[in-house]
Amino acid sequence: MGYFRTSIKAGATIEITKSYTKRVGIKVRGGKEKPTKEEMEKVNQLNAERILRLKINANFKEDDLFLTLTYRKEERPEPEEAKKNIKKLIDGLRKVFRKAGAELKWICVTEYHNKAIHHHLLINHVKGQDIPKMVRSLWKFGRPNFKYLDDSGQYKDLAAYLIKETSKTYKAKDGAKKQRYSCSRNLVMPIPKTEIIKKAKRWMPDPKPMKGYYIDKDTIYNGVDPFTGRIYQKYTMVRISDSGG
């Protein structure tokens with residue numbers, strides 16, 4: 001019989017799902033009652049995390065910058081005005097990058113529900129360029145905070161944090177665009193590849209990584225989809241930093 005193995009390569013990571021159908025798993029029990037609003041919100045949040053995680057892992061790497069952009073208390077804008085401010089910053093960065101012969105990649109999250117409005121901005125590093133200096137010259141509202149991505153290539157925690165940050169704001173009925181984040185159009189979105197493993201009737205509960213990779217233990221899941229009742233396994237392999245390629 002065999003099973004289906006779907007892999008998604010995103011930068012230094014490969015996300016694996018094993019199941020007995022192209023959808024997910026073998027159906028092991030009957031139909032389920034209609035999911036509650038809370039259950040659907042949880043599923044939607046996990047899906048949003050997965051998509052953002054793939055985008056970050058596929059497009060960003062060590063030494064790319066994670067910025068937090070705040071406003072001085074007396075200058076905090078309304079959400080619509082804040083959108084214009086961040087657009088002006090991104091447009092300015094894009095022009096500077098072009099002069100340096102580089103292409104700007106970015107992901108932006110804006111948060112303001114029950115807290116002071118601020119932006120998180122993920123941008124790519126350009127060798128030989130002082131990106132923090134560029135940002136400070138363009139952002140006139142407060143003091144930017146800069147962090148750099150590590151060399152792991154696995155940025156699932158960052159994706160989860162950003163989605164959690166926006167879990168309330170993106171639903172707000174205040175005229176702002178209802179989305180969790182915005183991003184540049186030049187980001188690569190990994191494409192899943194599915195193959196049939198005919199030689200084995202089932203997969204091992206403790207998966208083994210391919211050469212040059214290790215398995216992120218926190219990502220291993222063996223279980224049943226609560227909505228379809230189908231058995232499946234998922235996990236993420238991460239390239240070992242010094243293995244190259």
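A residue is termed buried when its relative accessible area is under 20%, exposed when over 50%, and partly exposed in between (1.4 Å probe, protein chains only). By this criterion, buried residues make up 42% of the 245 residues in the protein chain. The model is predicted: local features need pLDDT of at least 70, side-chain atom pairs count only at pLDDT 80 or more, and totals for chains, interfaces and linings use all residues. Residues are numbered from 1 along each chain as its sequence is written, and side-chain values use heavy atoms, with hydrogens and water left out.

**Whole chain**

Begin with the cartoon of the entire protein chain, which has four helices and ten strands. Helices (H or I, at least four residues) and strands (E, at least two) are DSSP runs, numbered from the N terminus. Along the sequence they follow the pattern β-β-α-β-α-β-β-α-β-α-β-β-β-β. Contact here means heavy atoms within 4.5 Å. Of the contacts with a separation of 6 or more, 74% are between residues 24 or more positions apart.

**The five-stranded sheet**

Next, select the open sheet, whose five strands stand in the order β6-β3-β5-β4-β7 with antiparallel pairing. Two strands pair if DSSP finds at least two bridges between them. At the edges are β6 (145–148) and β7 (182–183), each of which pairs on one side only. Within the sheet, β3 and β5 are joined in the antiparallel sense over five bridges; to locate this pairing, display L69, which stands opposite H119 in β5.

Now add helix α4. This helix lies across β3, β4 and β5 and runs at about 150° to β5. Axes are lines fitted to C-alpha atoms, for helices over the stretch in contact, and angles run from 0 to 180 degrees between N-to-C directions.

**Helix α2**

Move to residues 79–99. At 1.5 Å a residue, the 21 residues of helix α2 should span 30 Å, and its end C-alpha atoms are 31 Å apart, which agrees. The expected span is 1.5 Å times one less than the number of residues.

Colour the buried residues of α2: P79, A82, N85, I86, L89, I90, G92, L93 and F97. Viewed down the helix axis, these buried residues fall within an arc of 160°, so they line one face of α2. The arc is that of the directions from the helix axis to the C-beta atoms. The buried residues pack against β3 (65–69), β4 (106–111), β5 (118–123) and α3 (131–138). Turned away from that buried side is a face carrying the exposed residues K84, K87, K88, K95, R98 and K99. After the helix comes G101, whose phi is positive, near 75°.

**Salt bridges**

A salt bridge is a side-chain nitrogen of Lys or Arg within 4 Å of a carboxyl oxygen of Asp or Glu. The whole structure contains eight salt bridges.

While still on α2, show R94 and D91, whose side chains meet in a salt bridge (2.9 Å, N to O). The two residues are three apart in the helix, about one turn. R94 is partly exposed, with a relative accessible area of 26%, and D91 is also partly exposed, at 25%. Add K87 to the selection to display a network of salt bridges linking K87, D91 and R94.

Then select R53 and E15, which form a salt bridge of 2.6 Å, N to O. This pair links distant parts of the chain: R53 belongs to helix α1 (residues 37–59) and E15 to strand β2 (residues 13–19), 38 residues apart. R53 and E15 are both buried.

**L54 in helix α1**

Stay in α1 and select L54, which counts as buried at 1% relative accessibility. Leaving aside neighbours within four places in sequence, L54 is in contact with I8, A10, E15, M189 and P190. The C-alpha atoms of L54 and T13 are separated by 8.7 Å, although the two residues are 41 apart along the chain.

**The β9–β10 hairpin**

Finish at D216 and K156, whose side chains meet in a salt bridge (2.8 Å, N to O). Here the distant parts linked are strand β9 (residues 213–224), holding D216, and helix α4 (residues 156–165), holding K156, 60 residues apart. D216 is buried, with a relative accessible area of 10%.

Extend the selection from β9 to strand β10 (residues 231–239): the two run antiparallel and are joined by eight bridges. Y214 stands opposite V238 in β10. The strands form a hairpin with six residues between them, and G229 in the turn has a positive phi of about 75°.
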